[in-house]
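Me: Please take a close look at a single part of this model and then work outward from it. Give the cut-off behind each term when it comes up.

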There are 2 protein chains.
Amino acid sequence: MEDKAQIQEAIKSQGEVVRKLKSEKASKEQIDEEVAKLLALKAQLGDDGKTQFVLKTPKGTRDYNPKQMAIREKVFNTIIRCFKRHGAETIDTPVFELKETLTGKYGEDSKLIYDLKDQGGELLSLRYDLTVPFARYLAMNKITNIKRYHIAKVYRRDNPAMTRGRYREFYQCDFDIAGQYDAMIPDAECLKIVHEILNELDLGDFRIKVNDRRILDGMFAVCGVPDDKFRTICSTVDKLDKVVFDLSLARGLDYYTGVIYEAVLTQASAVSAANEAQNCANAEESVSVGSVAGGGRYDGLVGMFDPKGRRVPCVGVSIGIERIFSIMEQKAEASPEKVRTTEVQIMVASAQKNLLEERLQLISELWNAGIKAEVMYKKNPKLLSQLQYCEEAGIPLVAILGEQELKDGVVKLRVVATREEVDISRADLISEIKRRTEA
Amino acid sequence: MEDKAQIQEAIKSQGEVVRKLKSEKASKEQIDEEVAKLLALKAQLGDDGKTQFVLKTPKGTRDYNPKQMAIREKVFNTIIRCFKRHGAETIDTPVFELKETLTGKYGEDSKLIYDLKDQGGELLSLRYDLTVPFARYLAMNKITNIKRYHIAKVYRRDNPAMTRGRYREFYQCDFDIAGQYDAMIPDAECLKIVHEILNELDLGDFRIKVNDRRILDGMFAVCGVPDDKFRTICSTVDKLDKVVFDLSLARGLDYYTGVIYEAVLTQASAVSAANEAQNCANAEESVSVGSVAGGGRYDGLVGMFDPKGRRVPCVGVSIGIERIFSIMEQKAEASPEKVRTTEVQIMVASAQKNLLEERLQLISELWNAGIKAEVMYKKNPKLLSQLQYCEEAGIPLVAILGEQELKDGVVKLRVVATREEVDISRADLISEIKRRTEA
């Protein structure tokens, strides 16, 4: 940790940076960035001059709390179920790649790649998408046929002027088919998958737009656009407002070579939810409002990794999961139903003092039988506070132990919602809990 | 991308670094590291002088192929089932934190933290474990009670002198209980969880060792060890060969304050599997052979993040999942049973030409009914190659379409294992597939 004098020196010079930018009337983004650095430095010196922590996640990132995780799990399960239904295998790759693996694949977006510090050894960068690592994996393992899905986080140092609310760490859910096959059959399956997932997630009406990079390339050629400007123009066309231009779907990334497509939500409510939350950090999906999936054919990418340039034709789709999360979150907020963050079926409670051991004995039996159960971590909890905990956490049942129940070899089973209570023999307890909660 | 002359210059000077180290008889690790850099540079210049890619994952990382993913999913499911049985919620945090969030938490191990390059903005580091981000999350959100699990990758630039085979990117599976509770009740639940998980994963005999940091601290105090040397000595004691020393379980990390424990496999086969694969990158678990879980109480960590130093007592356990993966992989290798990497129930095949549309029509019906199904991406695949694909991929059923079947409104259902074939009406097909595969 740096010492106090050093930090004060740094505060002084950072203060001057900020003053200079203000006097030069620099952009708000630039000034905000430098002010943030100044505040971070100042926070290191607390009121008492002791070093202090800034309690935040890095810019452009967030934590997921248990409620958000419950929603995320539900969305992932729907998507994974669809991918598996279509016979996809799954793989995983490291979160960082050799820097040179990512170089030259993304065109203008390359400036948004996070690099790791050179601490000796290889130069590394965080993955920018899952497609380039997939192509590297195929070339490295000489795989020519695979249908795989990959759900993982990717990283983009989104341009501050564009970022407002967009995440720098976000999930991608990719499904890709690699292999030399008859025309358009795998391409059609990708579209079918987008359709199934958006249907099943119940996000309202949507439209899937389809185009082909070769048509655009042809148009540009006819218009006399020089070859080396094609990709820059595609990126620009993709950012046009889609009412204005017709064959406008171009996708920003360099590697597409054939069919390209994008799914957009068309219901006003969903679109506004997606925009309000501004959750999508995906640069190429940034402008088309309500875009929730996109992809296309990239037949040249794997060959860029192969020493002999062997081609492995690929087509794939990426689900814009961050927008979907935010829509689902808003739906959950609006619904009267409470999102449960655990699946606990029963609380083991006691009606009298000094029954800790008996509670632990019973809950062990339940755990060993696969029942999801909780106990309060107190020697002598009040019955009322145990019941209140159940109401708050949405736990449907309580098993209450008392001296009399222990003598009789029974447990008082209480239904939280109705407050109905019934004595159940210890021998029947597990099947009774399963009967009541695993309907 | 750097140009050719620059790379040749770099190769020349790197060659001299290697020669110098060799002449100085430097350690093998040091020389290997510099030779690797030299080879990486040379690989950039192909035979024809064109720049070329090195096809590898970064040092200390690996891809997971579909077979490894199938095993990983099975292990995760067992562990998550246990965490949920105990009523834990789950959270997620970003893969990187502000550098200062991690500073001063890990003692000597801090030198193994990956930093991100300063590209303007905040100074960031990759998370080193899930415990410090958890403490930051609690302090930031002023949470004083939570039982949560978190399964995610963490990053350690393991000291090259120690690394041989250890991973720099690896999973941690953490379960922690935060809150002011009666003594030892949550601590005991953590031990119960370790016991349940190791039992259910069927890894053979194991022993859970328990100690308390305060006993060690007391011993050191009695021995006259100065306060500021306690943590360094704990780290050293933890690395002793455990036959040699008795109260030796100390856990390497700085933040433990009370009970500490570690689970070790005691069956020779499992231990040798764990060692052979050397999969554990976990510095604090590196020496105790067969260690597959560990944890303890850390009552002071959250307070380090709280501006008012408010304490949130915590106790938790981390499952050493990389070792468990490698043991499960070896078991799968040794078993005659084939690991399936998909769950496909049926292949939609055709016996004659020109039935692509009919195949796609049928498979759409199956997908819409939730059946996991595949079709070959060829206009006119041979029946034999469709059947062979099923045998290789372990797909149990084939639905065969031909002119006659289409006329009769039936599908020929073939059981791959027995070659038995039976005509099923289109109306009954879905329930028949479910009956045969969802037993």
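Reply: Two strands count as paired if DSSP finds at least two bridges between them. Helices (H or I, at least four residues) and strands (E, at least two) are DSSP runs, numbered from the N terminus. This is a predicted model, in which local features need pLDDT of at least 70 and side-chain atom pairs count only at pLDDT 80 or more, while totals for chains, interfaces and linings use all residues. Residues are numbered from 1 along each chain as its sequence is written, chains are lettered from A and ligands numbered from 1 in the order in which they are written, and side-chain values use heavy atoms, with hydrogens and water left out.

The part chosen is strand β10 of chain A. It spans residues 346-350, and five of its five residues are buried (buried means under 20% relative accessible area, exposed over 50%, partly exposed in between, with a 1.4 Å probe and protein chains only). Ile346(A), Val348(A) and Ser350(A) lie on one side of β10(A), Met347(A) and Ala349(A) on the other, so both faces are covered. The partner of β10(A) is strand β11 of chain A, residues 373-375, and the two are parallel over three bridges. Within that pair, Met347(A) has Glu374(A) as its bridge partner.

Chain B can be described in the same terms. Five of the five residues of β10(B), residues 346-350, are buried. Ile346(B), Val348(B) and Ser350(B) point one way and Met347(B) and Ala349(B) the other. Three bridges in the parallel sense link β10(B) to β11(B), residues 373-375, and Val348(B) stands opposite Val375(B).

Next comes helix α13. In chain A, Leu356(A) belongs to this helix, which covers residues 356-368. Its C-alpha is 9.5 Å from that of Val375(A), 19 residues away in sequence. Leu356(A) is in contact (heavy atoms within 4.5 Å) with Lys378(A), Lys379(A) and Ile185(B), leaving out residues up to four places away in sequence. In chain B, Ala369(B) sits in the loop between α13 and β11. Ala369(B) counts as partly exposed because its relative accessibility is 25%. With residues up to four places away excluded, Ala369(B) touches Ile430(B) and Lys434(B). The C-alpha atoms of Ala369(B) and Ser431(B) are 9.6 Å apart, with their positions 62 residues apart along the chain.

Further out is a seven-stranded sheet. In chain A this open sheet has the order β1-β4-β5-β9-β8-β7-β6 and mixed pairing. β1 (89-90) and β6 (206-212) of chain A are at the edges with a single partner strand each, so one side of each has no neighbour in the sheet. Inside the sheet, β5(A), residues 169-178, and β9(A), residues 314-319, are antiparallel over six bridges, and Ala178(A) faces Cys314(A). Helix α5 (131-140) of chain A packs on this sheet, touching β4 (146-155), β5 and β9, at about 45 degrees to the direction of β5(A); axes are lines fitted to C-alpha atoms, for helices over the stretch in contact, and angles run from 0 to 180 degrees between N-to-C directions.

A nonpolar core is a set of buried Ala, Val, Leu, Ile, Met, Phe, Trp, Tyr and Cys residues joined through side-chain atoms within 4.5 Å. The largest has 39 residues, and Val75(A), Phe83(A), Ile319(A) and Ile324(A) touch the most other members. Two or more residues each come from α3 (66-85), β5, α7 (185-201), β7 (259-265), β8 (291-297), β9 and α12 (321-334) of chain A. Beyond four places in sequence, the contacts of Phe83(A) include Tyr149(A), Phe175(A), Ile193(A) and Ile319(A). A second, separate core has 38 residues, among them Met69(B), Phe175(B), Ile177(B) and Met328(B).

Helix α12(A) has 14 residues and a C-alpha span of 20 Å, close to the 20 Å expected, where the expected span is 1.5 Å times one less than the number of residues. Its buried residues include Ile324(A), Phe325(A) and Met328(A).

Finally, the two chains together. Chain B can be laid on chain A with an RMSD of 0.2 Å, by a turn of 180 degrees and a shift of 0.0 Å along the axis (least squares on the C-alpha atoms of residues with pLDDT of at least 70 in both). The copies are thus related as by a two-fold rotation axis. They meet through the same surface, because 100% of the interface residues of chain B are also interface residues in chain A.
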